[in-house]
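Open the model in your viewer and keep the selection tool at hand. We will go from stop to stop, with something to select at each one.

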Amino acid sequence: MTTIGTRIFTMFRGEFVGQDEFGNRYYREKHTPADRRQKRWVLYAREAEASCVPPSWHGWLHHIVDDLPAVKPAEVKPWEKPHQPNMTGTSATYRPPGHILEGGRRDRATGDYEPWRPE
């Protein structure tokens, strides 16, 4: 949840610039003094979790790119996977084979594995 201070600051000083596929809303400062960089921020749709910000909006928030992703979307490479927030602590957490919650059993090592034995 966003603090009341951030909401008030956004209401008076913020200019809405776009929204991502997760429902996060992005803002920039309406009037920026000439001697400093423009403030940019996000109001999260759900829990305030930085991994919920897609890469294109992350680049804009951190002044890596100046073009708004809503106006000029980043080029998507064929090898890129769709953005996913950090799933740690949820039922979608990755658990490797052999993890106790995945049955606790893993395949035996193949013939290319040789344990080290001190001499």
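Begin with the second largest pocket, which holds about 270 Å³ of space. To find this pocket, select R46, E47, E49, C52 and P85, the lining residues nearest its centre. The full lining of the second largest pocket has 13 residues, divided into 6 nonpolar, 4 polar and 3 charged. In these classes, Ala, Val, Leu, Ile, Met, Phe, Trp, Tyr, Cys and Pro are nonpolar, Asp, Glu, Lys and Arg are charged, and the others, Gly among them, are polar.

A word on what you are looking at: this is a predicted model, where local features need pLDDT of at least 70 and side-chain atom pairs count only at pLDDT 80 or more, while totals for chains, interfaces and linings use all residues. Residues are numbered from 1 along each chain as its sequence is written, and side-chain values use heavy atoms, with hydrogens and water left out.

How is a pocket found? Rolling a probe the size of a water molecule over the atoms shows where empty space is left. On a 1 Å grid over the protein atoms alone, a pocket is an open set of points where a 1.4 Å probe fits, with protein on both sides within 12 Å along at least five of seven lines; lining residues have an atom within 4 Å of a point. Grid points are joined across faces, edges and corners, and the volume is the space filled by probe spheres set on the points.

**The largest pocket**

Now select P54, P55, S56, A74 and V76, which lie nearest the centre of the largest pocket among its 17 lining residues. The volume here is about 410 Å³. Which helix gives the largest share of the lining? That is helix α2 (residues 55-61), with 3 residues. Helices (H or I, at least four residues) and strands (E, at least two) are DSSP runs, numbered from the N terminus. By class, the lining of the largest pocket has 9 nonpolar, 3 polar and 5 charged residues.

Stay with P54 for a moment. P54 sits in the loop between β3 (40-43) and α2. Is P54 buried or exposed? P54 counts as buried, because its relative accessibility is 4%; buried means under 20% relative accessible area, exposed over 50%, and partly exposed in between (1.4 Å probe, protein chains only). Add G18 to the selection: G18 and P54 are 36 residues apart in sequence, and their C-alpha atoms are 13 Å apart in space.

**The salt bridges**

Side chains of opposite charge can pair when their charged atoms come close. A salt bridge here is a side-chain nitrogen of Lys or Arg within 4 Å of a carboxyl oxygen of Asp or Glu, and the structure holds 6 of them.

- Select E15 and R28, a salt bridge whose closest N and O atoms are 3.3 Å apart. This pair links distant parts of the chain, with E15 in strand β1 (residues 14-19) and R28 in strand β2 (residues 25-29), 13 residues apart. E15 is partly exposed at 32% relative accessible area, and R28 is partly exposed at 23%.
- Next, select R40 and D66, whose side chains meet in a salt bridge at 3.4 Å, N to O. R40 in strand β3 and D66 in the segment after α2 are 26 residues apart, so this pair too links distant parts of the chain. R40 is buried, with a relative accessible area of 15%, whereas D66 is exposed at 58%.
- Then try K72 and D67, with 3.5 Å between the closest N and O atoms of their salt bridge. K72 is exposed at 54% relative accessible area, while D67 is partly exposed at 43%.
- Finally, select R13, E29 and R36 together to see a network of salt bridges.

**A nonpolar patch**

Turn to the surface and select I4, I8, M11 and F12, a nonpolar patch with about 470 Å² of accessible area together. Patches are made of residues with over 30% relative accessible area and no salt bridge, where like charges are joined within 9 Å and nonpolar side chains (Val, Leu, Ile, Met, Phe, Trp, Tyr) within 5 Å. Accessible areas come from the Shrake-Rupley method with a 1.4 Å probe, and for residues, only the protein chains shown count as cover. From this patch, pick out F12, found in helix α1 (residues 4-13). F12 is exposed, with a relative accessible area of 57%.

**Two last stops after α2**

Select H63, in the segment after α2. H63 has a positive phi of about 60 degrees although it is not a glycine. With 22% relative accessibility, H63 counts as partly exposed.

End at N86, also placed in the segment after α2. N86 is partly exposed, at 47% relative accessibility. Select T6 as well: the C-alpha atoms of N86 and T6 are separated by 24 Å, and the two residues are 80 residues apart along the chain.
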